[in-house]
Amino acid sequence: LKEANLSHIEWIVTKDSFNNNPFFEENLKSFPIHSVCADNLVDTNIDNFSFVFRMLDPICISALKNNIKYVTIPLLEESSLLDNHKRDRFKDILIYFVKKYPAINFSLEAEMPSAVLRELLSFSNNVCVTYDTGNMTSCGYKHEEYIEEIFDRISNVHLKDRTIDGKTVVPLTGNTEFEKIFKTLIKNNYQNLFTLQTAREKAGQELTTIKKHTDLLRGVYEKCI
């Protein structure tokens, strides 16, 4: 992180790593981990209490042990909540976790209309938003309008470039309108985090890739100030 001139990371727990992820065993307090992403929740059972409890409760426990205040919940692809009944069931589950873990902020990375997302934000200030620039691009949402609608609840912005057909690509080579995104955030005095979630490129050269992508995106941001 120091060599890349970055300030934090977002830890990830996947289905494949759920049973052997060091997040559950090691002391990570010395690392600047802003949030842990519960990617293991991307499943059609997102509205099933038993499933969510089994997948999310251990993450919340470890987050508290490691002084991590944010848990990111992806509501996309298989865990999409565009269905009203499914969303209502998930909301009841989320309310349970908010009450059980008042020291944790649950950040929703959602692909849904802003008015629908506001429903999930309405019952607690401990529920916020991770705005993924690439995902919202491939969903066809207008960034300026969407950000204005939920700006007060954005805790983290995932910087990702995607094409309209959903392919993640090197920053500034896809359809994500970063200039519009940055200008809208700056206009609203955004003070929270940006997290790189960009195309991986060549294996074994991650640090070089991260530095390159950081420079590309910072260049656009600085033009918008």
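# Exercises on a predicted model

Ile9 is partly exposed, as its relative accessible area is 27%; the label covers whatever falls between buried (under 20% relative accessible area) and exposed (over 50%), using a 1.4 Å probe and protein chains only. This is a predicted model, in which local features need pLDDT of at least 70 and side-chain atom pairs count only at pLDDT 80 or more, while totals for chains, interfaces and linings use all residues. Residues are numbered from 1 along each chain as its sequence is written, and side-chain values use heavy atoms, with hydrogens and water left out.

## Exercise 1: Ile9 and its strand

Work out which strand holds Ile9 and which residue is its bridge partner in E2.

*Solution.*

Step 1. Ile9 sits in strand E1. Strands here are DSSP runs of E with at least two residues, helices are runs of H or I with at least four, and both are numbered from the N terminus.

Step 2. Look across to E2: the bridge partner of Ile9 there is Ile33. The C-alpha atoms of Ile9 and Ile33 are separated by 5.0 Å, though the two residues are 24 apart along the chain.

Step 3. Now zoom out to the strands. E1 and E2 pair in the parallel sense over 5 bridges; to count as paired, two strands need at least two DSSP bridges between them.

Step 4. Leaving out residues up to four places away in sequence, Ile9 touches Leu1, Pro32, Ile33, His34 and Ser35. A contact means heavy atoms within 4.5 Å.

## Exercise 2: Ser35 in E2

Is Ser35 buried or exposed, and which side chain does the side chain of Ser35 join in a polar contact?

*Solution.*

Step 1. Find Ser35 in strand E2, residues 33-38. Strand E2 is mostly covered, with 6 of its 6 residues buried.

Step 2. Check the residue itself: Ser35 counts as buried because its relative accessibility is 1%.

Step 3. The side chain of Ser35 makes a polar contact of 2.7 Å with that of Glu10. Such a contact is a pair of N or O atoms within 3.5 Å; within protein, one must be able to donate a hydrogen and the other to accept it, and residues adjacent in sequence count only if both atoms are side-chain atoms.

Step 4. Not counting residues up to four places away in sequence, Ser35 also touches others, including Trp11, Tyr70 and Asn156.

## Exercise 3: Map the sheet

Put the strands of the open sheet in order and say which are the edge strands.

*Solution.*

Step 1. The order reads E1-E2-E3-E4-E5-E6-E9, giving 7 strands with parallel pairing.

Step 2. Strand E1 (9-13) and strand E9 (193-196) are the edges, each pairing on one side only.

Step 3. On average, neighbouring strands of this sheet are turned by 30° against each other, direction ignored.

Step 4. Try two of the pairings. E2 and E3 run parallel and are joined by 3 bridges, and Val36 stands opposite Val71 in E3. Strands E5 (residues 127-132) and E6 (residues 154-159) also run parallel, with 4 bridges; here Tyr131 stands opposite Val157 in E6.

Step 5. Add a helix. Helix H2 (residues 84-100) lies across strand E3 (70-75), strand E4 (105-110) and E5, at about 155° to E4. Axes are lines fitted to C-alpha atoms, for helices over the stretch in contact, and angles run from 0 to 180 degrees between N-to-C directions.

## Exercise 4: Classify two ring pairs

What kind of aromatic pair do Trp11 and Phe23 form, and what kind do Phe194 and Tyr221 form?

*Solution.*

Step 1. Get the rule straight: rings of Phe, Tyr and Trp (its six-membered ring) pair if their centres lie within 6.5 Å, and planes under 30 degrees apart are stacked, over 60 edge-to-face and the rest tilted. The count comes to 17 aromatic pairs.

Step 2. Trp11 and Phe23 are 6.4 Å centre to centre with 35° between the planes, a tilted pair. Trp11 is in strand E1 and Phe23 in the loop between E1 and E2, 12 residues apart. Both residues are buried.

Step 3. The ring centres of Phe194 and Tyr221 are 5.8 Å apart and the planes stand at 75°, so this pair is edge-to-face. Phe194 lies in strand E9 and Tyr221 in helix H7 (residues 206-224), so the pair ties together parts 27 residues apart in sequence.

Step 4. Phe194 is partly exposed, with a relative accessible area of 26%. Phe194 and Tyr221 belong to one aromatic cluster with Phe151, Phe178, Phe182 and Tyr190.
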